[in-house]
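Biologist: Show me the structure, please. I want to go through its empty spaces and its helix packing, with reasons.

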Amino acid sequence: MVDSVPAVPAVVGAQLRVPLVTGDSIEYANLDHGASAPCLNAVRDAVNELLPWYASVHRGAGFASQVCTRVYEGARDVLRRFVGARRTDSVIFTRNTTDALNLLAAALPADTSVVVFDTEHHAALLPWGGDRVRRLGIPDSPQDAVRLLDEALAECTDGPKLAVLTGASNVTGEVWPVAELARVARRHGARTVLDAAQLAPHRPVRIAELGVDHAVLSGHKLYAPFGAGALIGRDDWLDTATPYLAGGGATRSVPESGEIDWNTGPERHEAGSPNTVGVHALATACAALTEHAEAIAWHEELLLERLRNGLRGVPGLRELSLFGAEHDRVGVVSFVVDGQDPGLLAAALAAEHGIGVRDGLFCAHRAVRHLLAGTDEQRAVRISLGLGTTVEHVDRIVRALCGLIADGPQWRYEQVDGRWAPVDDPREFPAVLV
């Protein structure tokens, strides 16, 4: 095993130190990138550069407004390139993946049949309504996923069809057979939407090559935590749908009587003053991830291999997997440990070792409950790697887990509002709080 990893884009807070309940402090090991990734230094710098020019976009005559309009509209091309979209694909800026999928759900033709796997994150599982939604079971292999989709689409009634796909599981990190699933969808005349939120921070996404019709992603998972996401893809359903938000910018004309003349294109669904700063941050992050894609892949591969090898030596630990331990995956590992409460493990890792992980059902309740079947656990622990992860962070969590399992926590904990917390926690919160 190589003990060093290649240089990758730096993140804000890489040397952040956090207090421990023992009174010491330690460099924070952020192993929760899958929930929200830290900000890239390049994104912070780009935002700071834009802020003096900040002004309203599109209709402002002032020079600063023109600068911001160019920044905002130019970001669409960056996003198209980032996901390998077609030149004609629309880029609609949203708040996040959840917002983007709800926008698409609102834009579907009224008689659209929707097919979605139960393994999806709630952002992709829940927006679809009506009696034409079919939820598939939990596949046990990529081939099983292709079979389930093929059978479901064959049974759909006439009319538009949409298959909801994920790029990589936010629970197990496993990469899904997107190209094969999209091929099956096309054979049945169905469109596809790809939830790329967990895949895009780790791997290049090429929706035109994959044969995907739409893709969604979130800036806060792409090292751009400034409140922007995107829906990218074919525009015909979107141009004929009722605007997602009714308001300024979505209209060409509002007459004193008669029907409103709504815009077509992205503006139709981007009413109100847009998040120009967030969009610039998102585009900057996408450009940086594209430029350093090879180094990022190597960085993650080395750390993930080191982590999984280390976890194999932790007594009683069972890694969760849909498709098997050898299946391709991004830097996400979820697990349970025999006889150990996942919430208590997470609390002790944070309080005693300065490690941030996530415990629970990860907004994918059906998938996690399926994976936990046959155990006594109702929750799991998730480690998610990213650009802020180091070899020391990986080694620290393996040592910490071994120590906690062998000797138990060294501090006393109690449950507060359903979460484990240190009793008489001596740590003080920083002065950044208002």
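Biologist: Which element gives the most to the lining of the largest pocket?

Modeller: Helix α11 does, with 5 residues. Keep in mind that this is a predicted model. The pocket is lined by 26 residues. Nearest its centre are Y28, A350, A351, R427 and F429.

Biologist: Which elements each supply at least two residues of that lining?

Modeller: They are β1 (17-19), α11 (342-353), β15 (355-356), β16 (358-360) and β19 (419-422). The volume of the largest pocket is about 720 Å³.

Biologist: How do the lining residues of the largest pocket divide by class?

Modeller: There are 16 nonpolar, 3 polar and 7 charged residues. Tyr, Ala and Phe count as nonpolar and Arg as charged. Therefore Y28, A350, A351 and F429 go with the nonpolar residues, and R427 with the charged ones.

Biologist: What is the volume of the second largest pocket?

Modeller: About 370 Å³. It has 27 lining residues, and G34, H121, N170, K221 and C363 are the closest to its centre. Two elements give two or more residues to this lining: α3 (97-107) and β16. The largest share, 3 residues, comes from β16.

Biologist: What is the class make-up of the lining of the second largest pocket?

Modeller: Its lining holds 8 nonpolar, 13 polar and 6 charged residues. Gly counts as polar under the scheme, so G34 is placed there.

Biologist: What makes a space a cavity and not a pocket?

Modeller: A 1.4 Å probe fits in a cavity but cannot get out, whereas a pocket is open. By this rule there are 2 cavities of 30 Å³ or more. The largest cavity has a volume of about 60 Å³, and the second largest about 50 Å³.

Biologist: Which residues line the largest cavity?

Modeller: H58, R59, G249, E267, E270, G272 and P274. By class they are 1 nonpolar, 3 polar and 3 charged. Pro counts as nonpolar, so P274 is the nonpolar residue. Arg and Glu count as charged, so R59, E267 and E270 are the charged ones.

Biologist: And which residues line the second largest cavity?

Modeller: H33, G34, A37, Q198, P201, H202, K221, Y223 and L385. The division here is 4 nonpolar, 4 polar and 1 charged. Lys counts as charged, so K221 is the charged residue. G34 and K221 line this cavity; both are also among the residues closest to the centre of the second largest pocket.

Biologist: Now the helices. Why are α5 and α6 called roughly parallel?

Modeller: The axes of α5 (residues 142-155) and α6 (residues 178-187) cross at roughly 15 degrees. Angles under 35 degrees count as roughly parallel, so α5 and α6 qualify. Their axes come within 9 Å. The crossing of α5 and α6 is right-handed.

Biologist: What makes the contact of α5 with α6?

Modeller: From α5 come A145, V146, L149, D150 and L153. From α6 come E180, L181, V184, A185 and R187. That contact has 7 nonpolar, no polar and 3 charged residues. Asp, Glu and Arg count as charged, so D150, E180 and R187 are the charged residues.

Biologist: How do α11 and α13 pack?

Modeller: The angle between α11 and α13 (residues 391-407) is about 115 degrees, with the axes 11 Å apart. The crossing of α11 and α13 is right-handed. L345, A348, L349, E352 and H353 of α11 touch R396, I397, A400, L401 and L404 of α13. By class, the contact has 7 nonpolar, 1 polar and 2 charged residues.

Biologist: How do you know that α10 is roughly parallel to α13?

Modeller: The axes of α10 (residues 293-311) and α13 cross at roughly 10 degrees and come within 10 Å. The cut-off is under 35 degrees, so α10 is roughly parallel to α13.

Biologist: Which residues meet where α10 packs on α13?

Modeller: On α10 they are L303, R306, L307, G310 and L311. On α13 they are V391, V394, D395, I397, V398 and L401. The contact of α10 with α13 divides into 8 nonpolar, 1 polar and 2 charged residues. Gly counts as polar, so G310 is the polar residue.

Terms used
Residues numbered from 1 in each chain as written. Predicted model: local features only at pLDDT ≥ 70, side-chain atom pairs only at ≥ 80, totals over all residues. Heavy atoms only, no water. 1 Å grid on protein atoms, 1.4 Å probe; cavity = no way out; pocket = protein on both sides within 12 Å on 5 of 7 lines; lining within 4 Å. Points joined across faces, edges and corners; volume = space filled by probe spheres on them. Helix = DSSP H or I, 4+ residues; strand = E, 2+ residues; numbered from the N terminus. Axes fitted to C-alpha atoms, helices over the stretch in contact; angles between N-to-C directions. Parallel < 35°, antiparallel > 145°, perpendicular 65-115°, else oblique. Left-handed = near helix turned anticlockwise from the far one by under 90°. Contact = heavy atoms within 4.5 Å.
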